[in-house]
Amino acid sequence: MSRERTVARTNFRVALGTCLLAWLTTVGATCGDTGQTHVTAEVVGHGVGDTTFESAGWSVTLTRADVAFGPAYFCATTAADVDLCPAAVAETLDVGVVDGLSADLQPLGILEGDTQTVRSATYDFGITWLATEPAPLPAREAPGGHSARFLGTAVRGADSFDFALDLDITSANQGDIAIRGARTEHELSTRTERLEVTVDVVAWWAGVDFDALFADAAAAPGERLVIDPNGLNAGVVRTGMTSRALPEFTWIDN
């Protein structure tokens, strides 16, 4: 990667990270704009309520699905590029954990912003790689120090096994953010009451090869299978989280 591109990404991260400080120190002021109104809104998360699904003859039940979300930044452009979005329209520096098995609203933090149109989201799953740090660091709230922690049971006829997966979602580059430019659109105003973040954890597990996992579990019968976080099946879940079934954002006005 070129030095210029690395510097650009670092500057984008610094701009996003310092934007909130400007809002807090000068009430009503904005990052890179004037005449806007300061907005705060609650950020909440929830699952879709599904815990069981079928996969190639296996009946799979997730018994735990804790997912870290945040920090998150929202831009006025559809792409979170440093040249198009030098500072966030709104952001939450909080990290919260969503119980992906529950459809109940769960508090994740507070959104700070100004009255502009949001068109994209850029965010981490509880693990942030700052430009000043040599490696990604999990937030204190990250479950077990990970982006997500899953437990479950798979049953097919007389065969069954328990499984566990701890998954880390990190950016590919120092100073970057894991998920960039996810689409969401809303006219942020003083009427904006909350932002709902919906995670579909069952969708993330679609495509996992439970036959292969059962073969691994057979090597230690009676014990919970700990899925290799660097293996192919963990990669399926990671792809679900980061591209195939991204969290959905719903903006609620009063």
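Reader: Which side chains meet in a salt bridge at 3.7 Å, N to O?

Author: Those of Arg 191 and Asp 253 meet in this way. The general idea is that side chains of opposite charge can pair when their charged atoms come close. Arg 191 sits in the loop between β13 (179-187) and β14 (192-198), whereas Asp 253 belongs to strand β16 (residues 248-253), so the pair ties together parts that are 62 residues apart in sequence. Please keep in mind that the model is predicted.

Reader: Are Arg 191 and Asp 253 buried or exposed?

Author: Neither term applies, because partly exposed covers the range between under 20% and over 50% relative accessible area. Arg 191, at 44% relative accessibility, counts as partly exposed. Asp 253, at 29%, is likewise partly exposed.

Reader: How many salt bridges does the count come to?

Author: The count comes to seven salt bridges. One of them joins Asp 176 to Arg 180, with the closest N and O atoms 2.6 Å apart. Here Asp 176 is buried, at 5% relative accessibility, and Arg 180 is partly exposed, at 31%. Another salt bridge links Arg 140 with Glu 141, where the closest N and O atoms are 3.6 Å apart. Arg 140 counts as exposed because its relative accessibility is 79%, while Glu 141 is partly exposed at 34%.

Reader: How should one read a strand such as β4, and which of its residues lie on each side?

Author: One considers each face of the strand in turn. In β4 (residues 72-75), Ala 72 and Phe 74 lie on one side, and Tyr 73 and Cys 75 on the other. These residues are all buried, and both faces are thus covered.

Reader: Which strands are joined to β4 by bridges?

Author: Strand β8 (residues 117-123) runs antiparallel to β4 and is joined to it by four bridges. Strand β5 (residues 90-92) is also antiparallel to β4, with three bridges between them. Ala 72 illustrates both pairings: its bridge partner in β8 is Tyr 123, and in β5 it stands opposite Thr 92.

Reader: Which residues have the most contacts inside the largest nonpolar core?

Author: That core has 52 residues, and those with the most contacts inside it are Phe 74, Phe 163, Trp 204, Trp 205 and Phe 210. Strand β3 (residues 58-69) supplies the largest share of this core, namely six residues. For Trp 205, leaving aside neighbours within four places in sequence, the contacts are Phe 53, Leu 62, Phe 150, Phe 163, Leu 165, Phe 210, Ile 227 and Val 237.

Reader: Where is Gly 152 found, and what does it touch?

Author: Gly 152 is in strand β11 (residues 148-156), and it counts as buried because its relative accessibility is 4%. Not counting residues up to four places away in sequence, Gly 152 touches Thr 61, Leu 62, Thr 63, Phe 161, Asp 162 and Phe 163. A separation along the chain may also be set beside a separation in space. The C-alpha atoms of Gly 152 and Val 60 are 7.1 Å apart, although these residues are 92 residues apart along the chain.

Reader: Is Asp 66, in strand β3, buried or exposed?

Author: Asp 66 counts as buried, because its relative accessibility is 16% and the cut-off for buried is under 20%. Its side chain makes a polar contact of 2.7 Å with that of Arg 64. Beyond neighbours within four places in sequence, Asp 66 is in contact with residues including Val 97, Val 98, Asp 99 and Pro 143.

Note on methods. Residues are numbered from 1 along each chain as its sequence is written. This is a predicted model: local features need pLDDT of at least 70, side-chain atom pairs count only at pLDDT 80 or more; totals for chains, interfaces and linings use all residues. Side-chain values use heavy atoms; hydrogens and water are left out. Buried means under 20% relative accessible area, exposed over 50%, partly exposed in between (1.4 Å probe, protein chains only). Helices (H or I, at least four residues) and strands (E, at least two) are DSSP runs, numbered from the N terminus. Two strands pair if DSSP finds at least two bridges between them. A nonpolar core is a set of buried Ala, Val, Leu, Ile, Met, Phe, Trp, Tyr and Cys residues joined through side-chain atoms within 4.5 Å. Contact means heavy atoms within 4.5 Å. A salt bridge is a side-chain nitrogen of Lys or Arg within 4 Å of a carboxyl oxygen of Asp or Glu. A polar contact is a pair of N or O atoms within 3.5 Å; within protein, one must be able to donate a hydrogen and the other to accept it, and residues adjacent in sequence count only if both atoms are side-chain atoms.
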